[in-house]
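Q: I've got a model open on my screen and I'd like to learn how to read it. Could you walk me through it, feature by feature?

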Amino acid sequence: MDIRQLRYFVAVVEAGSFTKAAATLNVAQSALSLHVRQLEEGFGTQLLVRDRTGVSVTASGDKLLERARIILKEIQLTEAELTNTVASPSGEVTIGIPSGAARVLSGPLLESVRNELPRISLKMIEGMTGPLEEWMAAGRFNLAILYRAAESVGRMTVLAREEFCLVVPPGEPPLEDEIALGNLHAFPLAVPMRNNNVRRSVADVVAQHGCVLDVRFEVDSLSTIINIVMEGKAYSILTPSAIQKEASQGQVRMVKIIDPVITRTVVLAVNPKDERSPAVSAVRKLIPKVVRTLIESRHWAATAPDRA
């Protein structure tokens, strides 16, 4: 067994197939198959089940996957500590970012890292908040941008605070700029799945005030929710960052929710194992600066933490 075999094995499992892993790694599929087969021969047990739809791990493969991730993480950290310095950090930093925040933050963040931290390779994984929370808890990311209620921030860095709005199809009521929470029941909604932090933030406030919502569609895709609204099939409840582009082009309209206003806190979390990494620390310090610049330039309709 060698480190390359472990890397290839983990890549195949995470990609779900040898073909996808080969494309990601830029390695011949036959080479991947050979290394995995050598692993299986070395351990004397089958690690993967291969079929027409891809691969799945056996019980032995699942045990190896867990250990392999730990081993590769330690190797990465050791390499970073031996070759990295605070003055000139280098290496790969992986960050999870929700789809809504990604629409305003990903481009500027990538550009800032490229300009200010040229030796760091930033790997950004975008997704809905439910899976991101699970992946961060499993240690898949060095950093993650997450959503929290104000009282549950803990030690995480507060980046911004956002207010939810009713997302309205063009030309549809309400025609006012504001709507009371108690009046939302009149509008059919397309919203994220129940395990989504955004959905929970809204549901908690709605329940506290004895209101009801007419949820017609539960969709675990921000782009699909926005398309449903643009097509006039439903309304939604989102923050401005998620639909700034469509609102500026007149494809949807934002109506502020009041009585009460529903807010959420955008935070930056760090994997405790990575706190001593110079590369992670450098990106961790850069992100709040990028967010503040976006807010002050009105490219992110949010409030900076010291102005909330």
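A: Sure. Let's start with one pair of residues: Cys-165 stands opposite Leu-238 in strand E11. Keep in mind as we go that this is a predicted model.

Q: Okay, so which strands does that pair belong to, and how many bridges join E7 to E11?
A: Strand E7 covers residues 165-168, and 3 bridges join E7 to E11. The two strands run antiparallel.

Q: Where do E7 and E11 sit in their sheet?
A: To read a sheet, go across it strand by strand. Here the order is E8-E12-E7-E11, an open sheet of 4 strands with mixed pairing. The edge strands are E8 (178-180) and E11 (236-238), each pairing on one side only. On average, neighbouring strands of this sheet are turned by 40 degrees against each other, ignoring direction.

Q: Which helix lies across E7 and E11?
A: That's H8, residues 222-230. Helix H8 runs at about 130 degrees to E11.

Q: What is the strand order in the sheet of 5 strands?
A: Same reading method. The order is E4-E3-E5-E13-E6, and this sheet is also open, with mixed pairing. At the edges you find E4 (120-127) and E6 (157-163); each has a single partner strand, so one side of each is left without a neighbour in the sheet. Neighbouring strands here are turned by 20 degrees against each other on average, again with direction ignored.

Q: How many bridges join E6 to E13?
A: There are 6 bridges between E6 and E13 (residues 263-270), and the two strands run antiparallel. If you want one pair to look for, Glu-162 stands opposite Arg-264 in E13.

Q: And which helix lies across E6 and E13?
A: Look for H10, residues 278-296. Helix H10 lies across E3 (91-98), E4, E5 (143-148), E6 and E13, and runs at about 30 degrees to E6.

Q: Let's move to helices. What describes two packed helices?
A: You give the angle between their axes and the distance between the axes. Try H2 (residues 18-25) and H3 (residues 29-43): their axes come within 9 Å and cross at roughly 110 degrees. That makes H2 roughly perpendicular to H3. The crossing of H2 past H3 is right-handed.

Q: Which residues in H2 and H3 meet?
A: On the H2 side you have Phe-18, Thr-19, Ala-21, Ala-22 and Leu-25, and they meet Gln-29, Leu-32, Ser-33 and Val-36 in H3. By class, the contact of H2 with H3 has 6 nonpolar and 3 polar residues, with no charged ones.

Q: At what angle do H5 and H9 pack?
A: H5 (residues 99-116) and H9 (residues 240-248) pack at an angle of about 60 degrees, with their axes 7 Å apart. That makes H5 oblique to H9. From H5, Gly-100, Ala-101, Arg-103 and Val-104 meet Ser-241, Ala-242, Ile-243, Gln-244 and Glu-246 in H9. The residues of this contact divide into 4 nonpolar, 3 polar and 2 charged.

Q: Is Ser-241 buried or exposed?
A: For this you look at relative accessibility, where under 20% counts as buried. Ser-241, which lies in H9, has 1% relative accessibility, so Ser-241 counts as buried.

Q: Which residues does Ser-241 touch?
A: Leaving out residues up to four places away in sequence, Ser-241 touches Gly-100, Ala-101, Arg-103, Val-104, Glu-162, Arg-264 and Trp-300. You've met two of them already: Glu-162 stands opposite Arg-264.

Q: What about Pro-305: where is its place?
A: Pro-305 is in the segment after H10. With a relative accessible area of 28%, Pro-305 is partly exposed. Apart from neighbours within four places in sequence, Pro-305 is in contact with Val-158, Leu-159, Ala-160, Arg-161 and Arg-292. The C-alpha atoms of Pro-305 and Thr-19 are separated by 45 Å, and these residues are 286 residues apart along the chain.

Q: Last one: how many helices and strands does the protein have?
A: Count 10 helices and 13 strands. The C-alpha atoms fill a box of roughly 70 × 50 × 35 Å along the principal axes. Of the 308 residues in the protein, 47% are buried. Among contacts with a separation of 6 or more, 75% come from residues 24 or more positions apart.

Definitions and conventions: Residues are numbered from 1 along each chain as its sequence is written. This is a predicted model: local features need pLDDT of at least 70, side-chain atom pairs count only at pLDDT 80 or more; totals for chains, interfaces and linings use all residues. Side-chain values use heavy atoms; hydrogens and water are left out. Axes are lines fitted to C-alpha atoms, for helices over the stretch in contact, and angles run from 0 to 180 degrees between N-to-C directions. Angles under 35 degrees count as roughly parallel, over 145 as roughly antiparallel, 65 to 115 as roughly perpendicular and the rest as oblique. A crossing is left-handed if the near helix is turned anticlockwise from the far one by less than a right angle, and right-handed if clockwise. Contact means heavy atoms within 4.5 Å. Ala, Val, Leu, Ile, Met, Phe, Trp, Tyr, Cys and Pro count as nonpolar, Asp, Glu, Lys and Arg as charged, and the others, Gly among them, as polar. Two strands pair if DSSP finds at least two bridges between them. Buried means under 20% relative accessible area, exposed over 50%, partly exposed in between (1.4 Å probe, protein chains only).
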